[in-house]
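The following exercises are to be worked with the sequence and the coordinates at hand. Each task is followed by a solution in steps.

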Amino acid sequence: MTPVSVSVVIPCFNVEHTIGLALDSVAAQTRPVCEVICVDDASTDHTRRVIADWQARNAATPVRVLQMPRNSGPSAARNLGWDAAVGEYIAFLDADDAWHPQKIAVQYEWMRTHPPVALSGHTHLVAEQSDRTALPMLSAPRAYTIARDEILISNPFVTPSVMLKRSLTERFNPQRRYTEDYLLWMQICLAQHIVVLLDLPLVIVSRGAGQSKLSRNYFRMRVGDVQNYWQLWRAHQIGLFRMIFLIPFSLLKFLLLLTFPSTHAAIKRRLYTQPLPEED
């Protein structure tokens, strides 16, 4: 089957135990991609060797490995892969996650038939690293536009769900290691590009950390939210009063997430209920 014009970008840092499963999920796609770009972020384990061994066993899947000169974080690694990509679309995957076999077929076809859309993401399932249960059978995805006010309130996407046009000029902030992906989605949306959520779980996201580590990460993410809103205000993409409202709102989200996570998830899901015009 002819590969579709999608470049897969995978940042890699000390992922010798998980990168094989991520690459397997790319090789298992029902619509093959034109290239996979693994960006080694100065790993100190056997990540490069594992990727090379995988390449030797899977010659039908074109894999390029780019080397970062020093460890710079996933944002810089994704930017390097994005800049080197040749596909019309970029699809991001993390080295410890796995795609549904039809992820590229469904999302690429949807993007191709909706050319005004600059970025789409989809829903996901969460599993421990050892729990690679089968993803569900697929139906036609429902699509929802993400409005400016909605994306400022909550991040609608996990990074390995996102497919976007390579031609976009925005990039991940290489100075940031928390919520840098959310900042990019907001910048793209606030630049009046069309951003869409596909209501179909096409990725399993691994979350193997303990509760105390998760709590620390949630706190860092809220700090990242504050930095995001400050940066958007400094760039004149949001006004001062909106920033003043959003910062305490983010702190309230943090408290709700820690105390009533199911309620937090339900509220977040109800945010994105505006269908595309053609589905009205």
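Two strands pair if DSSP finds at least two bridges between them. Helices (H or I, at least four residues) and strands (E, at least two) are DSSP runs, numbered from the N terminus. The model is predicted, so local features need pLDDT of at least 70 and side-chain atom pairs count only at pLDDT 80 or more, while totals for chains, interfaces and linings use all residues. Residues are numbered from 1 along each chain as its sequence is written, and side-chain values use heavy atoms, with hydrogens and water left out.

**Exercise 1. The three-stranded sheet**

Determine the strand order of the open sheet formed by 3 strands, and state which strands stand at its edges.

Step 1. The order is β5-β11-β7, and the pairing is mixed.
Step 2. β5 and β7 (125–127) each have a single partner strand, so one side of each lacks a neighbour in the sheet.
Step 3. Between β7 and β11 (residues 203–206) the sense is parallel, with 3 bridges. Within this pair, Val126 lies opposite Val205 of β11.

**Exercise 2. The eight-stranded sheet**

Establish the order of the open sheet of 8 strands, then examine the pairings of β8 and β6.

Step 1. The strands follow one another as β3-β2-β1-β4-β9-β6-β10-β8, with mixed pairing.
Step 2. At the edges are β3 (63–67) and β8 (143–145), each of which pairs on one side only.
Step 3. From one strand to the next, the twist averages 25°; axes are lines fitted to C-alpha atoms, for helices over the stretch in contact, and angles run from 0 to 180 degrees between N-to-C directions.
Step 4. β8 pairs with β10 (residues 194–198) in the antiparallel sense over 3 bridges, and Thr145 has Val196 of β10 as its bridge partner.
Step 5. β6 and β10 run parallel and are joined by 5 bridges; here His122 stands opposite Leu198.
Step 6. β6 also pairs with β9 (residues 163–165), antiparallel and over 2 bridges. In that pair, Ser120 has Met163 as its bridge partner.

**Exercise 3. Burial of strands and helices**

Classify β6, α4 and α1 by the burial of their residues. Buried means under 20% relative accessible area, exposed over 50%, and partly exposed in between (1.4 Å probe, protein chains only).

Step 1. In β6 (residues 117–122), 6 of the 6 residues are buried, so the strand is largely enclosed by the rest of the structure.
Step 2. Helix α4 (residues 103–112) is mostly covered, with 8 of its 10 residues buried. Among them are Lys103, Gln107, Tyr108 and Trp110.
Step 3. In α1 (residues 19–27), the buried residues are Ile19, Gly20, Ala22, Leu23, Ser25 and Val26. They pack against β1 (4–12), β2 (33–40), α2 (47–57) and β5 (98–99).

**Exercise 4. The nonpolar cores**

Which residues touch the most other members of the largest nonpolar core? Such a core is a set of buried Ala, Val, Leu, Ile, Met, Phe, Trp, Tyr and Cys residues joined through side-chain atoms within 4.5 Å.

Step 1. In this core of 36 residues, they are Leu164 and Trp185.
Step 2. Helix α6 (residues 180–190) gives the most to the core, with 8 residues.
Step 3. Taking contact as heavy atoms within 4.5 Å and leaving out residues up to four places away in sequence, Trp185 touches Leu119, Ile151, Asn155, Phe157, Thr159, Val162, Leu164 and Phe172.
Step 4. A second, separate core has 33 residues, including Leu93, Ile104, Trp110 and Ala143.

**Exercise 5. Cysteines and the loop residue Ala42**

How many disulfides are there, and where is Ala42 found? A disulfide is a pair of cysteine sulfur atoms within 2.5 Å.

Step 1. The count comes to 0 disulfides.
Step 2. Cys34 is partly exposed at 26% relative accessibility, whereas Cys189 is buried at 7%.
Step 3. Ala42 is found in the loop between β2 and α2 and is partly exposed, with a relative accessible area of 21%.
Step 4. Ala42 and Cys12 are 30 residues apart in sequence and 8.4 Å apart in space, C-alpha to C-alpha.
Step 5. Beyond its neighbours within four places in sequence, Ala42 is in contact with Phe13, Gln67, Met68, Arg70 and Asn71.

**Exercise 6. Confidence**

Identify stretches with pLDDT under 50. pLDDT is the predictor's confidence in each residue, from 0 to 100.

Step 1. The protein averages a pLDDT of 87, and 83% of the residues score at least 70.
Step 2. Over residues 209–215 the pLDDT stays under 50, and the model has 3 contacts for them beyond four places in sequence.
Step 3. Residues 276–280 also have a pLDDT below 50, with 8 contacts in the model beyond near neighbours in sequence.
Step 4. Where pLDDT is low, the predicted coordinates should not be read in detail.
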